[in-house]
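Thanks for coming, everyone. Please have a look at the structure on the screen before I start, and then I will walk you through a few places in it.

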Amino acid sequence: MNERIAEAKPAPLIIAVALPALQMRWLGELPPRTLDYSGDVRAHGDVFFADADPEPSDIAWQHDAATITYDKVIAASAEVPQRVLLEAREGWAAVVHAAVKTWAAGGSVVLLDPSVEATERLRSSENVTA
């Protein structure tokens with residue numbers, strides 16, 4: 001067997017997230033090594049068993065020209081509060097980046113639609129800490 005083939009890393013797995021919050025699956029075709037979050041992940045309970053721990057230099061998140069590696073997510077996650085309010089009006093890149101850091105710290109996210117006001121009552125009822 002060719003040693004170069006045996007040492008090659010597989011292509012990264014891509015997670016496709018449908019933008020409508022209640023959409024049950026990704027509409028349309030997905031490329032190879034792409035997971036439909038709504039159809040394949042959200043349908044299961046909130047338990048995650050990783051196949052293997054990522055390397056610190058592996059890509060944790062990538063959008064357009066912005067790339068974040070696992071070592072940066074873990075380093076930044078120590079400062080993230082337990083329950084974070086994220087507003088969709090801040091844009092996809094900001095929301096996903098903040099969500100990944102929050103989840104890496106074991107926290108949770110409340111995602112707010114641009115049409116909803118972030119009131120103190122909402123923050124209290126959702127137990128938002130930041």
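Which residue does the side chain of Glu120 meet in a salt bridge? It is Arg123, with a nitrogen-to-oxygen distance of 4.0 Å, and I should say at once that we are looking at a predicted model. Because Glu120 and Arg123 are three residues apart in helix α5, about one helical turn separates them. As for their surroundings, Glu120 counts as exposed, at 62% relative accessibility, whereas Arg123 counts as partly exposed, at 24%.

That pair belongs to a total of three salt bridges, so let me turn to the others. The side chain of Glu126 meets that of Arg83 at 3.2 Å, again from N to O. Since Glu126 sits in the segment after α5 and Arg83 in strand β5, which covers residues 83-87, this pair ties together parts that are 43 residues apart in sequence. Both partners are partly exposed, Glu126 with a relative accessible area of 31% and Arg83 with one of 23%. Then there is the salt bridge between Arg89 and Glu87, where the closest N and O atoms are 2.2 Å apart; here Arg89 is partly exposed at 47% relative accessibility, while Glu87, at 16%, counts as buried.

Now to a charged residue without such a partner. Asp36, which lies in strand β2, residues 34-36, is buried and yet has no salt bridge, the nearest side chain of opposite charge being that of Arg25, 6.1 Å away. What, then, does the side chain of Asp36 reach? One of its partners is the backbone nitrogen of Trp26, at 2.9 Å, and another is the backbone nitrogen of Gly39, at 3.3 Å. If we leave aside residues up to four places away in sequence, Asp36 touches Ala16, Arg25, Trp26, Leu30 and Val41.

Finally, I would like to look at helix α4, which runs over residues 92-104. At 1.5 Å a residue, its 13 residues should span 18 Å, and the C-alpha atoms at its ends are indeed 18 Å apart, so the expectation and the model agree. Within α4, the residues Val95, Val96, Ala99, Val100 and Thr102 are buried, and because they cover an arc of only 165 degrees around the axis, they lie on the same side of the helix. After α4 comes Gly106, whose phi is positive, near 85 degrees.

Definitions and conventions: Residues are numbered from 1 along each chain as its sequence is written. This is a predicted model: local features need pLDDT of at least 70, side-chain atom pairs count only at pLDDT 80 or more; totals for chains, interfaces and linings use all residues. Side-chain values use heavy atoms; hydrogens and water are left out. Helices (H or I, at least four residues) and strands (E, at least two) are DSSP runs, numbered from the N terminus. Buried means under 20% relative accessible area, exposed over 50%, partly exposed in between (1.4 Å probe, protein chains only). Lys and Arg count as positive and Asp and Glu as negative; His and the chain ends are not counted. A polar contact is a pair of N or O atoms within 3.5 Å; within protein, one must be able to donate a hydrogen and the other to accept it, and residues adjacent in sequence count only if both atoms are side-chain atoms. Contact means heavy atoms within 4.5 Å. The expected span of a helix is 1.5 Å times one less than its number of residues. The arc is that of the directions from the helix axis to the C-beta atoms.
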